[in-house]
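Grab a pencil and work through the exercises below. Try each task yourself before you read its solution.

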Amino acid sequence: MADDSVKNEASAQRAEKADNNEKAENNTSQKSVSSEGEAAAQKQSLSKRQMKKLLKQQKWEEERELRKERRKERKQQRRQQRQNHQEEGGQDGQSARKRQRREVMPSSLRLVVDCSFNSLMLIKDVRKLHKQIQRCYAENRRASHPVQDISIKTEHYGEVFPKEELVYLTSDSPNVLQELDPKRAYVIGGLVDHNHHKGITFQRAEELGIKHAQLPLSSFVQMNSRKVLAVNHVFEIILAYLEKGSWQEAFFTVLPQRKGAVVLNQGEANAQEKEEEESSSDSDTTEQRDPSIQQKDNTQHSSNT
């Protein structure tokens, strides 16, 4: 009887355990079905655009390792290319780079951009001036004879440099600059005004009591427009002169084509030729306009004969 009781109790426990397992499986199945249903419901609630974004994000996550491998391969390829290039160049390439660096000979010349004209410019012109100064900085870095490093000073240049060393470059000055003095500091007027304030840089130099001069543009170049140049053009012309040692070469290296610049001798020849053509044309026009002149000449020729 005792054995039967134990067997019955064990059977009851196994049955209860089976029921619990079955209930757990049913709960798991229900949760899975519920999760799938919620996911399906969520997908249905998403718009096409959101669904596309979701799929794209999933794809991005799936390809993470692939992208990592590709980056690693590209890095190895670049390293190998640099190594091959160094092996091919060898010492010759290093020597060439050293020679190139030695060819750069900085000049002791100093250039100053006078930025005290902001009140006379529109905001768009101030932006243009900013770009011109950026161009000056870039050209100075590439120059074979760069001037001293460009720096921004809040003080007036009259307080930074001795007054006797300053020379204001202005096209209105009666003094023509023949050569550059490395002991001088040359001031360029930082003004973009489209010729609305003519003579103001010359006036500024006179007020400050400093020397002034104009570039020898008229001695080498004939231009269709006024000989007022942008800040970066003046800066680049001086850099070109330091490199070439010739004002004419410096002017024609830098001046834009829209200025219509031609060599002065060529310009004079063209002007003389144009004047002769106009004179000849006027003579022909006079004879056509007054036939009596031609008739008189014919009469005189007949009597002489």
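**Exercise 1. Which residues touch the most other members of the largest nonpolar core, and which elements build that core?**

Step 1. Get the term straight: a nonpolar core is a set of buried Ala, Val, Leu, Ile, Met, Phe, Trp, Tyr and Cys residues joined through side-chain atoms within 4.5 Å. Buried means under 20% relative accessible area, exposed means over 50%, and partly exposed is in between (1.4 Å probe, protein chains only).

Step 2. Pick out the best-connected members. The largest nonpolar core has 44 residues, and Tyr 157, Leu 177, Leu 180, Tyr 186, Ile 237, Trp 247 and Phe 251 touch the most other members.

Step 3. List the elements. Two or more residues each come from strand 1, helix 4 (123–142), strand 2, strand 3, helix 6 (200–208), helix 8 (231–244) and helix 9. Helix 8 gives the largest share, 8 residues. Helices (H or I, at least four residues) and strands (E, at least two) are DSSP runs, numbered from the N terminus.

Before you go on, two notes on the model. It is a predicted one, with residues numbered from 1 along each chain as its sequence is written, and local features need pLDDT of at least 70 while side-chain atom pairs count only at pLDDT 80 or more. Totals for chains, interfaces and linings use all residues, and side-chain values use heavy atoms, with hydrogens and water left out.

**Exercise 2. What is the strand order of the open sheet, and which strands stand at its edges?**

Step 1. Recall that strands of a sheet pair through backbone hydrogen bonds, either parallel or antiparallel. Here, two strands count as paired if DSSP finds at least two bridges between them.

Step 2. Read off the order. The open sheet has 4 strands in the order 1-3-2-4, with parallel pairing.

Step 3. Find the edges. Strand 1 and strand 4 (211–213) each have a single partner strand, so one side of each is left without a neighbour in the sheet.

Step 4. Add the twist. On average, neighbouring strands are turned by 30° against each other, direction ignored. The axes are lines fitted to C-alpha atoms, for helices over the stretch in contact, and angles run from 0 to 180 degrees between N-to-C directions.

**Exercise 3. Place strand 3 among its partners, then say whether its residues are buried or exposed.**

Step 1. Start with strand 1 (residues 110–114), which runs parallel to strand 3 and is joined to strand 3 by 5 bridges. Asp 114 has Gly 189 as its bridge partner.

Step 2. Turn to strand 2 (residues 166–169), which pairs with strand 3 over 4 bridges, also in the parallel sense. Tyr 168 stands opposite Val 187, and Leu 169 has Ile 188 as its bridge partner.

Step 3. Check the covering. In strand 3 (residues 185–189), 5 of 5 residues are buried. Ala 185, Val 187 and Gly 189 point one way, while Tyr 186 and Ile 188 point the other.

Step 4. Look at what lies across the sheet. Helix 8 lies across strand 1, strand 2 and strand 3, and runs at about 155° to strand 3.

Step 5. Zoom in on Tyr 186. Contact means heavy atoms within 4.5 Å. Beyond neighbours within four places in sequence, the contacts of Tyr 186 include Leu 111, Val 112, Val 167, Leu 177 and Leu 180.

**Exercise 4. How many aromatic pairs are there, and why is one of them tilted and another stacked?**

Step 1. Apply the rule: rings of Phe, Tyr and Trp (its six-membered ring) pair if their centres lie within 6.5 Å; planes under 30 degrees apart count as stacked, over 60 as edge-to-face and the rest as tilted. This gives 3 aromatic pairs.

Step 2. Take Phe 220 and Phe 251. Their ring centres are 6.3 Å apart and their planes are at 50°, so the pair is tilted. Phe 220 sits in helix 7 (residues 217–220) and Phe 251 in helix 9 (residues 247–254), 31 residues apart. Phe 220 is partly exposed, at 25% relative accessible area, whereas Phe 251 is buried at 0%.

Step 3. Take Tyr 241 and Trp 247. Their ring centres are 4.0 Å apart with planes at 15°, so this pair is stacked. Tyr 241 is buried at 15% relative accessibility, and Trp 247 is buried at 5%.

Step 4. Join them up: ring pairs link Phe 220, Tyr 241, Trp 247 and Phe 251 into a cluster.
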